[in-house]
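I opened the notebook to look up a few things in this structure. My entries follow in the order I made them.

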Amino acid sequence: MLNLFLLQTLNGVQFGIMLFLVAAGLTLIFGVMDLINLSHGVLYMVGAYFAATFVALTGSFVLGLLLALPAALLLGVVLELAVFRRLYDRDHLDQVLATFGLILILNESVKVIWGAAPLSVPVPAALSGSVELFGNFRYPLYRVVIIAAGLATAAGLYVLVNFTRVGMLLRAGASNAPMVSALGVDIRRLFTLVFGLGAMLAGLAGALVAPILSVEPGMGDSVLILTFVVIVIGGVGSVRGAFIAAILVGVVDTVGRVFGPIWLRAVLDPAAASQTGRTLAPMLIYVLMAMVLFFRPRGLFPVRGAGAAASSNVAPSHIAERGAPSRGAGFAALAIFALLASLPLLSAMTGNAFMLVIATRIMIFALAALSLDLILGYGALVSFGHAAFVGIGAYAVAILNAYGVGDLLVQAVVAVAAAALFALVTGAISLRTRGVYFIMITLAFGQMLYFLMVSLSAFGGDDGYTLRSRSTVFGLPLLEDGTVLFYVVLGVLAAAFVLARTLVASRFGRVLRGTRDNAVRMRAIGFSPLPYQLTAYVVAGCLAALAGVLLANQVEFVSPAYMSWQRSGELIVMVVLGGMGTLVGPIAGAAVFIMLEEWLAAFSQHWKLGFGLILLLIVLASKDGVGGLVKRLFTPFRAGAAHG
Amino acid sequence: MAEAAGALLSVRNLSKRFGALVVTDDVSLDIAQGELHAIIGPNGAGKTTLIHQLSGMLASDGGRVLLAGEDITRLPMHARVRRGLARSFQITTLLDGFTALENVALAVQARSGSSFRFIAPAASERALNEEGLAILTRLGLEDRAQRRAGALSHGEKRQLEIAVALATGARTLLLDEPLAGTSHEESATLVALMRSLKRTHTLVLIEHDMDAVFALADRVSVLVYGRLIASGRPQDVRADAQVRAAYLGDEGA
């Protein structure tokens, strides 16, 4: 038992070291450049692929590793020069969109170049086998080497940050980058250097684990989320914080997974203990993060004066309409809903049944995007975990269905109640934080729920779960008819639209909009923003859950993928493309997104590559951000918004 | 010095440091109800920091702030506003996307009933708009009511800033350089307004315009390097040798 504990603790340390290598570069990028980079995880993945390729080419692990490192460095520098350099003076939202696009591009490129099948890298012969650490306790030699290499890198970084000229600039930059620039330091070169270094460290981590993990597309995504957890716990910009938090997260996660079920046996019967333990263990680190942030909203080792924690996530130029909803937008909405209502007729006349399916799907996602806009567009709260609420709605239908509760209304009430509870708890914690912390913590809470559903083996886990039938309405299987489902979805969307429109114009909505524009002003006239923001967060979560209820009914299938962070990113894209802070915008955005998805997917299975490119180019091409572009595109059509 | 017991706003040994820099150094001050108390001092003396501490925007490192006998040192800004202590900002802090009227009406809304009302459109609440318009009229901004705050002239924004502070209904106002950047005419409007407010409000005024300060203030305090070096009637402070050396002497007054 003690040996098992030691073994798992060492595995945890090794895992933590890996996380540290990825987190070190990312925390510096966050801290020094105030840049939120979602694509850091793909650099880890690319590092693993580089290692796999070069090891295969040279036949030597050491040679392969030595070639993979400069390749990762080079990729980092190229990305910095081509993309990131243009993002530093953008708001966090633009950065989120551009780096989200970059993830799609790089993940898909890897599939194109190396194929979708996992690659494996053999453990080098000289490092295989295990060593006796003490007594009769043996541990795999290769993992010992990883720990040693990681510790050496950490020591090197410590020296670099604390005792060199570059390190001094880094620390100064993390505290006040404009000041460092004003002192005559070439901050651009420093940024390129930090970026290259960060990419190389992430690449090193990927290359080191290549022999013990399978090298596959998307392997960077899960690491990215854990890295966010590490950075949030450690404090943005603090390398020391990242190290301590990484080891903490690595050990808690690894030990929790193995010992959670064992410890639970003390209070539960063995079968229940093992099931509960398996379900709860993946959530442990998120609970840890929530606890740390509750008491220290800026992490364990906050960097003094770091802009990353203070600045607003959304520049005013993003908001398409600043006042209450205009009459013009109301007419536009009426026209859209009238058009939608006549669609089944059109579909019947043309004999195109698929049109109805697509339109239903668009309206479901429009509902989810509309709900996100309530907090994103009217609250400037960049929530990257909104898909979790869609997932709650979908799973409420699946789980209730499995237990014989098939009534739509009951399911909707349960879904909304569950979403409200989840929003209340996670919102109360998330809203204590600011800036990039808020983006990362909402992302992490979303992932927490995602992993919970993955571990729900009774509902198919990763593979998802097929519903026996659609929900019933007053005992009748009305929804089995596509047209009825279409009108139900349309009705819910229209009701949500009216609700949202009333809400943002009300006293409550005016406080919310005021807080979005200037929180200090609102405090100075006597408002405490938190209760209003939390209420909006709960309302948005409930509406998104309704979208989930409808989605599960349309596809008659639920899967954890509904609540993945990519889905949350897509919802943000819909809102921003359509026009934040308008209520017609998210509906238009969802329509454009879904149709683009359908259209690109018809061309190639690698459609995400094209989508990522389009997204990235849109962000880079519009100087005042996506918001500015959207505004320029739509202003001529929005008579009512002309004064805004 | 006014008697502490009669003071509406009492500051006791207040301090604030940023790292090694002491910005507010053991400041004690009593401001009586109905008094217009000007705080003057050279640039960088820590006047705005003191206002930040009094208004609750910045936490103090030591000392106490009492409003009508209640210790408000630990209260956040919004809670102090509810208790009747509001401020204006040296750097204009308005809701640029809202109309001038909405900026003021929102401050009225903050003290008239719950803002957890979700149905009726706030922009058409008559009571809020009427009270807001009355305050705008008091500042001569009534014909700007429907204009976006961001589109107002600099001087008009400064006036709106004061209008919003008034609209909070607070009876103690901390005004941080209200005259900065206003035209001669706007400045005259604001001086007249402050003079009329003396009947109903207690005012703490930071101002560089010495003519205005000595014309309006009942008492004047002088802040230099975070320390209060003098406090008293305007004519006494003007005659104070230490003050002349530290501050007024610079201007050859």
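**Entry 1: charges over rings.** I am working on a predicted model. I started with R238(B), which lies over the face of F214(B), at 4.1 Å from the ring centre. I then turned to chain A. There the charged end of R432(A) sits over the ring of F294(A), 4.6 Å from the ring's centre.

**Entry 2: aromatic pairs.** How many aromatic pairs does a search of the whole structure find? I got 32 over all chains. I looked at the rings of F50(A) and F54(A): their centres are 6.2 Å apart and their planes stand at 40°, so I logged the pair as tilted. The angle is neither under 30 degrees, as stacked requires, nor over 60, as edge-to-face requires. Both residues belong to helix α2 (residues 40-58) of chain A. F50(A) and F54(A) are four residues apart, about one turn of that helix. F50(A) has 17% relative accessibility, so I noted F50(A) as buried; the cut-off for buried is under 20%.

Next I took F100(A) and F384(A). The ring centres are 6.4 Å apart and the planes are at 70°, so this pair is edge-to-face. The pair links distant parts of the chain, with the two positions 284 residues apart. I placed F100(A) in helix α4 (residues 92-114) of chain A. I placed F384(A) in the loop between α15 (354-376) and α16 (387-402) of chain A. Buried or exposed? I checked F100(A) and found this residue buried, with a relative accessible area of 2%. F384(A) is buried too, with a relative accessible area of 1%.

I also wrote down a cluster. Ring pairs link F508(A), F527(A) and Y532(A) with F116(B) and F118(B).

**Entry 3: the contact between the chains.** I counted who takes part. Chain A gives 26 residues to the contact and chain B gives 36 residues. The area buried between chain A and chain B is about 2,800 Å². Carbon and sulfur atoms give 61% of this buried area. Which three residues supply more than any other three of the area that chain A buries against chain B? I found R507(A), R510(A) and R521(A), which supply 34% of that area.

**Entry 4: chain B as a whole.** I listed nine helices and ten strands in chain B. For 253 residues, a compact globule would have a radius of gyration near 18 Å; I got 18 Å for chain B, so the value agrees. Along the principal axes, the C-alpha atoms of chain B fill a box of roughly 60 × 40 × 35 Å. Buried residues are 54% of the 253 residues in chain B. Of the contacts in chain B with a separation of 6 or more, 65% come from residues 24 or more positions apart. I put the exposed area of chain B at about 10,700 Å², with 50% of this area supplied by carbon and sulfur atoms.

**Entry 5: positive phi.** Most residues other than glycine have a negative phi, so I looked up two exceptions. E556(A) has a positive phi, near 55°. I found E556(A) in the loop between α22 (529-555) and β4 (557-558) of chain A. E556(A) is partly exposed, with a relative accessible area of 24%.

The other one is D26(B), with phi near 55°, also positive. D26(B) lies in strand β2 (residues 21-32) of chain B. I noted D26(B) as partly exposed, at a relative accessible area of 42%.

Technical notes:
Residues are numbered from 1 along each chain as its sequence is written. Chains are lettered from A and ligands numbered from 1 in the order in which they are written. This is a predicted model: local features need pLDDT of at least 70, side-chain atom pairs count only at pLDDT 80 or more; totals for chains, interfaces and linings use all residues. Side-chain values use heavy atoms; hydrogens and water are left out. Rings of Phe, Tyr and Trp (its six-membered ring) pair if their centres lie within 6.5 Å; planes under 30 degrees apart count as stacked, over 60 as edge-to-face and the rest as tilted. Buried means under 20% relative accessible area, exposed over 50%, partly exposed in between (1.4 Å probe, protein chains only). A charge sits over a ring if NZ of Lys or CZ of Arg is within 6 Å of the ring centre and within 35 degrees of the ring normal. The radius of gyration is taken over C-alpha atoms; the globule rule is 2.2 Å times the number of residues to the power 0.38. Contact means heavy atoms within 4.5 Å. Accessible areas come from the Shrake-Rupley method with a 1.4 Å probe; for residues, only the protein chains shown count as cover. Buried area is the accessible area (1.4 Å probe) that two parts lose on being put together, summed over both.
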